[in-house]
Amino acid sequence: MSLLMPKRTKYRKAQRGRLKGVAQAGNEVAFGDYGIQALEPAWITAEQIEAARQAIVRELERNSKVWIRIFPDKPITKKPAESRMGKGKGDVEDWVAVVRPGRILFEIAGVGREQAERVAQLVSYKLPIHVRLRERLRLGGEK
């Protein structure tokens, strides 16, 4: 199985749900200086999150810090190829994080603006959605 997955869940299999609306929570940069924000709705797999995290860590120096603000807690099931209809829901194949537009995916601290833009570019290559760089709002509304 994958690296990122819940230790235990209330239910083994989940319904698909809808990717409608915008992020109600997790849509502000809270921990770091810069955040990478989703602009589209999607299911981000555990492998995609890990690939993006590795790309961030490779680009940053030792004194920088990274926060992962999403977690893949939704099980995705799949039936075997060429199996007949019926016979119940398939086995859990993957874990995904449900991401809606506006959600902050990653946050970084200890970097300059140019390096943060470079990190956001590298992360966008690893994810199936468009993202943008958000700067943390300081007190008084200034950046």
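**Strand 6 and the ring of Trp 67**

Okay, so let's start with a pairing: strand 1, residues 34-38, and strand 6 run antiparallel, and four bridges join them. Keep in mind that this is a predicted model.

Within that pairing, Gly 35 stands opposite Glu 107 of strand 6. Now look at the other pairing. Strand 3, which covers residues 65-68, is also antiparallel to strand 6, with four bridges between them. And who is the bridge partner of Trp 67 in strand 6? That's Glu 107. So far we've met Glu 107 opposite Gly 35 and as the partner of Trp 67.

How covered is strand 6 itself, residues 104-109? Mostly covered: six of its six residues are buried.

Okay, on to the rings. How many aromatic pairs does the structure hold? Just one. The two rings belong to Phe 31 and Trp 67, and they're stacked, with 6.0 Å from centre to centre and 20° between the planes. If you're wondering about those two numbers, a pair of aromatic rings is described by the distance of the centres and the angle of the planes. This pair links distant parts of the chain: Phe 31 is in the segment before strand 1, Trp 67 is in strand 3, and they are 36 residues apart.

Is Phe 31 buried or exposed? Somewhere in between, actually: Phe 31 is partly exposed, because its relative accessible area is 45%, and that label applies between 20% and 50%.

One last thing about Trp 67. Lys 65 has its charged end over the Trp 67 ring, 5.0 Å from the ring centre. Have a look at that one in the structure.

Conventions. Residues are numbered from 1 along each chain as its sequence is written. This is a predicted model: local features need pLDDT of at least 70, side-chain atom pairs count only at pLDDT 80 or more; totals for chains, interfaces and linings use all residues. Side-chain values use heavy atoms; hydrogens and water are left out. Buried means under 20% relative accessible area, exposed over 50%, partly exposed in between (1.4 Å probe, protein chains only). Helices (H or I, at least four residues) and strands (E, at least two) are DSSP runs, numbered from the N terminus. Two strands pair if DSSP finds at least two bridges between them. Rings of Phe, Tyr and Trp (its six-membered ring) pair if their centres lie within 6.5 Å; planes under 30 degrees apart count as stacked, over 60 as edge-to-face and the rest as tilted. A charge sits over a ring if NZ of Lys or CZ of Arg is within 6 Å of the ring centre and within 35 degrees of the ring normal.
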